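Welcome! Here are some short exercises, each with a worked solution, to help you find your way around a new structure. Have a look at it first, then work through them in turn.

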Amino acid sequence: MDPITEHHLGITRRTLLQSSAYGLGGAALSWMLNRDGLAAAPVDTKIGQTAGGLVNAGAQGLPGLPHFAPKAKRVIYLFQNGGPSHVELFDYKPKLQAMHGKPMPEEYMNGKRLSTMSAKASERLVLGNIEPFKQRGNSGAWVSDLMPYTAQIADDLCFVKSMQTDAVNHAPAISFLLSGAQLPGRPTIGSWLSYGLGSANQDLPSYVVMTSVSKGTSCGQIFYDFYWGSGFLPTRYQGVKFRGSSEPVLYLSNPDGVTRETRREMLDDIQAVNQLKMQQVGDPEIATRIAQYEMSYRMQASVPELTDLSDEPKHVLERYGPQVLEPGTFAHNCLMARRMVERGVSFVQLMHAGWDQHNSLTTELYTQCRDTDQPSAALIQDLKERGLLEDTLVIWGGEFGRTPFIQGDLANRARWGRDHHPYAFTVWMAGGGVKPGITYGESDDLAVNAVDSPVHVHDLQATIMHLLGVDHERLTYRFQGRQFRLTDVHGKVVSAILS
Amino acid sequence: MRYSPNTRLRCLSLSFATVVLGLASASGGTVDFSKEILPILSENCFHCHGPDAKGRKGDLRLDTRAGALLKNKEGAAAIVPGNPGASTLIERICTTDKDDLMPPVKSNRKLSPKERDLLKVWIEQGATWGTHWAFVPLQKPPISESHSGNPIDIFVRERLAKEGLTPQPQAPRRTLLRRLTLDLTGLPPTAEEVANFDADTASDAIERTVDRLLASPRFGERMAWDWLDAARYADSNGYQGDNERTMWPWRDWVVNAFNRNLPYDQFTTWQIAGDLLPKASQEQVLATGFLRNHAINGEGGRIAEENRVDYAMDMAETTGTVWLGLTFLCCRCHDHKYDPLTQSDYYRFYGFFNQTPVNGGGGDPHTAPNLWLPQGDEKDRLEKTKDEIKKAEQAVGSAWKASVDKRVEWIEAGPEVDAKDGDAGKKATELAAALRVEEAKWNAAQRKVVQEAWATRDESFKKVYDVLEEKRKHFRGIESALTRVMVMGDMPKPRDTFVLNRGLYNEPGEKVLPGVPESLAGTTQGLPGNRLGLAKWLSAPENPLMARVTVNRFWQMLFGIGLVKTPEDFGVQAEMPVQKDVLDWLAAEFCANGWNVKALLKTIVTSETYLQSSHVPPGMAERDPENRLLARGPRFRMPAWMIRDQALASSGLMSGKIGGKPVRPYQPSGVWEEATFGNKKYVQDTGESLYRRSLYTFWRRIVGPTMFFDSGNRTNCSVKPLRTNTPLHALSTLNDTTFVEAGRVLAQYALQTAKPNPEDRLRSVYQRVLARPPSLDEVRLWSAGLERHLARFSADPAEAERLLAVGESQRDGALSVPEHAAYTAVCVSILNLDEALTKE
């Protein structure tokens, strides 16, 4: 807005927000701004100015939250979509090798529900791990040779080897892990946390999702948008998908021919006319509109700054591996995740597809590990060196594990596979409030059932929330007449892994 | 507008809360059980002492009077009417002993001192019980004779008078015209409509305008969107594979049904049970596509029965939400915690939908039962081919007879069965088997085998036989390309329905018969025990829910928030509406008036309450931020689809074509590809399809259209608007090709038709977008903006060219490039004004 017009109107945002001259008290306005996550703005910023935090994507959480002092302020979830084989990667069972090719003893499998792709009971032959395991670091954690980089950071990790879930198919199991329900329609963890805790960032969404898949992967586990949906929570709590393209956020770029200066001038005019309207109508919704449009302008600057990697030193880029500069790869996304948490994004959900080795253990599993192992480890080291790991919770894991018996023909090594397995699988956690260098829980000697300290999906969810200072039983939302929560009526915090 | 629990808390500290939710008894009257007591008991006690027998603690139930008055072994009762001192309920809610306190500290529930007092007073007054307001049979609330006019206004004014408030005056006429046109057609008024309305000074101008809008074919399109959200309509299955389906004829049926004002009871019956109606018409069967709109999970390894159960549950729960406003979901696993719905009720209700031949396997987007719907000349082609087949069959018949002698020989000799392996071997065996049967007793397959074999022997027979085969193949070809809509159909032999323990498909318990919830059933005598019976029960005048729930949704569409603000829940946990008399009067009227949707809407939109100015008087934004008292007219941001339609319509780009296959308008590139690993490619349409109304946009369930940022997710039934404002929304209306192109075309129209000065040109744009001329201040502001844009674009005409190249439509090359670009920037800005995005 030009100074003359501004003078003519005599309005700055300060007067807009503080004046009750338009029949608009501060309480109603702040209520509306909060509802839409457009509050927490320093009120001395004039319309049209670009500096200073005017609005943000979810500044204010609920009153009374966090429930207690959080150990972690932010989360990076390295979600491994498809069901990584715990048997191949982390859950070392010498007996599997010893029994290789023999039928799976019936007492292990008694009456278990499996996917319809699994073999008949008589054809379930035990399959030994395809690569050797070694104990790593001071902690002596078992990590397969498939994961050489993760092996190097074993002392920073907490392995939970007794994970269990209720679902045997991908979409229901992923939905269950991320939203607590197998069918779509519930808010995901990131949405719950954005809703409860708000966010510290000024110009970026508080909950961001990035997806990737290894080149040449034969399976197509799709990334459904309900994996980051807000369910019955307001849509502003849903994860914002950053795309692996030149335009990371939909509609971020100005149209051809509209420069940033032109856009600024357009916005100044829009806002000035909106203020005239505000004077006539007195509806505080108009103030939220003004704030909303200002933030869109700021986001157009903050996102490109976020995605511009030119300020990253060479040694950092190299650490994340050869794909780091390729948008849409897991390596690139890992580096982006670090940049996002540095800028105050609270929940970063990376999803990497391709872990569904029904017939590709000896082929595609190697690709999966190659593309994810190095960047995952690099992220942990990078966060650690920057002092961010201590209050950033990093989680690595998928929706279930894989059967310790073979899917396919034992004689045809090139097509060896394993089916979905919900009764035991491994995840690792690191950073914010989790004991480093420990292994928690255990599966039986054939990695079939979690026998020692089983950790159900709801327990994992409760633990994540606990680390962020949230009592999972007390973060609820009323929908369809009842209080819903992430963990339904279940979930116990796994206190043994808390530091 | 919706608010979350935290904002509710904040809100409670405002005077508004105590006024609106104010407690009658605070002033000393009789406590109203349904309004004041039931909500307290439900929220704080029912979770452990409610209808769910299995979850009940301490053998105490407080959801029935008998339960609450029941004496325990010690002779004490939770409630002793008239004697709060002797009521253990009062003792337990007032104790200072943390271990004894109710609700328990651990439950995160807490009674306020006011609530405790209210319970005491209520018990003192005799602990009179009642029924939850929404379950009470419909009755028109009395209107005192001294009042006249629209009953809505009478009730609203009564309430406002109690609050010491007065309604707002009628909104300016132009505002009203835009409000009505957007509400009833989803489009802005045209310049011509504005001019006609201006000229119409008759006292019934508004009423006639409403009639005109209700008669417009755009009405059905407008009404359909919300119904599609509720029906979880999409053009693909969802889940892996996400195969494309062709349910769009059902969508067109919805538009048509609203347009011809199909009475809502029939609208209901056809969609739930059209196939079961006597001599069901094609259209009635088509309507049942509503139920089949659920997602289909074709993921490999998925257990078919588990899918099948999911689908039937989805139908049951969607029906429960849409027609009853009841939340069945929790009864999958246990009796409802608050409402009188048992787990058996759930499975009996589910039993209605458990009867289709669907087995749950695979991801066929045309899983039978299907309705085959020929389009265009397909019907004629099918008929023609059928005739040709008939002729060919006759020819084959004659040739078959003519060759009977030759064949006897062949049969007696026994055809050689030399090929033993593979298909040939199989065929030979089949032939041998068929020949052992008398010709008169052949079935179709046997006849085919023999005739095929004979055709290899007899040249003249082969000629006619080949013709027949070719015609049949041709017929199948046409048929397989036909549009198929998944519809309902029950198996002849009913499938047994069981209570499923914990909702698990593989843990059947007690066997149940299809039926409606017992506590709400009323009289079901004479109703068939199938979906048709269900539909009749739903729309029976004795059922208080269907009318209330439906009226509430229409009200929500017009006012932005329902009279009951939880359209998905009318159960015990739902608030008693602030304007309950309005809801009950409208619901009773709707039911008595033959479920006439257009008449209902007309009653609402011609009320003074609706026609009020949406000006927010000083103090009212705080006192009543959600406008529950209705002391002003509705004002809220339009849904994204309507904002897009408005841009298309006001620019003149919009195609008026109604119905047909879904279209693929502008969308940022790579969105489908990224979500599906390149399996699904978004091929943008060209020409007219880019400018069809939003309703017709192809909806890929796993990655919906990017421009509809606030729609239902089309995976679950959604009946409540999701109206929040994020910066991402602003980016889409500022930067989406549709909006930029609309701005360019708007600008072009103004430059071509208005007098060549900013004021007249701006007036042209304003009229088309906002249905009003700009004020002097606005003209001054935009003119200054125009000059700046013009200076910039004149200095850099290449940028101007780039802006004018956005969108497919042709530009008038005679217009000055910098000037057209400058006006385009202004028009895009005007389309993004709060006023443009808002229905006011």
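To compare two helices, we use axes, which are lines fitted to C-alpha atoms over the stretch in contact, and angles that run from 0 to 180 degrees between N-to-C directions. Keep in mind throughout that this is a predicted model.

**Exercise 1. Describe how helices α22 and α23 of chain B meet.**

Solution. Start by locating them: α22(B) covers residues 444-455 and α23(B) covers residues 459-480. Next, take the axes, which come within 8 Å and cross at roughly 125°. Now name the arrangement: angles of 65 to 115 degrees count as roughly perpendicular and those over 145 as roughly antiparallel. The crossing therefore makes α22(B) oblique to α23(B). Then look for the residues that meet: B:Q451, B:W454 and B:A455 come from α22(B), while B:F461, B:K462 and B:Y465 come from α23(B). Sorted by class, the residues of this contact are four nonpolar, one polar and one charged.

**Exercise 2. Work out whether helix α17 of chain B is largely enclosed or not, and look at its length.**

Solution. Begin with the length: the 21 residues of α17(B), 304-324, reach 29 Å from the first C-alpha to the last. That is close to the 30 Å expected at 1.5 Å a residue. Now count burial, where a residue needs 20 or more other C-beta atoms within 10 Å of its own. In α17(B), 18 of the 21 residues are buried, so the helix is largely enclosed by the rest of the structure. Finally, see what follows α17(B): B:G325, with a positive phi near 60°.

**Exercise 3. Find the unusual backbone spots in the loops of chain B.**

Solution. First, look for cis peptide bonds. One joins B:M102 and B:P103, with omega about -15°, and B:P103 sits in the loop between α6 and α7. Another joins B:A368 and B:P369, with omega about 5°; B:P369 belongs to the loop between α18 and β1.

Second, look for positive phi in residues other than glycine. B:Y239 has a phi near 60° and lies in the loop between α12 and α13. B:L630, with a phi of about 65°, is placed in the loop between α29 and β5.

Third, check burial. B:Y239 is buried, with 25 other C-beta atoms within 10 Å, and B:L630 is buried too, with 27 C-beta neighbours inside 10 Å.

**Exercise 4. Place A:T211 in chain A and find what surrounds it.**

Solution. Start with the chain: chain A has 15 helices and 17 strands, and buried residues make up 64% of its 499 residues. A:T211 is in strand β5, residues 207-213, and is buried, with 25 other C-beta atoms within 10 Å. Beyond its neighbours within four places in sequence, A:T211 contacts A:F223 and A:M351. A:N333 is 122 residues away in sequence, yet its C-alpha is 7.7 Å from that of A:T211.

**Exercise 5. Which helix of chain B gives the most to the side that touches chain A, and how confident is the model?**

Solution. Count the contacts first: 89 residues of chain B meet 77 residues of chain A. The helix giving the most to chain B's side is α35(B), with nine residues. By class, that side of chain B has 39 nonpolar, 30 polar and 20 charged residues. For confidence, the model scores ipTM 0.85 and pTM 0.83. The mean pLDDT of chain B is 90, with 95% of its residues at 70 or more, but residues 1-27 of chain B have a pLDDT below 50.

Technical notes. Residues numbered from 1 in each chain as written. Chains lettered and ligands numbered in written order. Predicted model: local features only at pLDDT ≥ 70, side-chain atom pairs only at ≥ 80, totals over all residues. Contact = placed C-beta atoms within 7 Å. Helix = DSSP H or I, 4+ residues; strand = E, 2+ residues; numbered from the N terminus. Nonpolar A, V, L, I, M, F, W, Y, C, P; charged D, E, K, R; others polar. Expected span 1.5 Å × (residues − 1). Buried ≥ 20, exposed ≤ 12 C-beta atoms within 10 Å, placed from the backbone. Parallel < 35°, antiparallel > 145°, perpendicular 65-115°, else oblique. pLDDT = per-residue confidence, 0-100.
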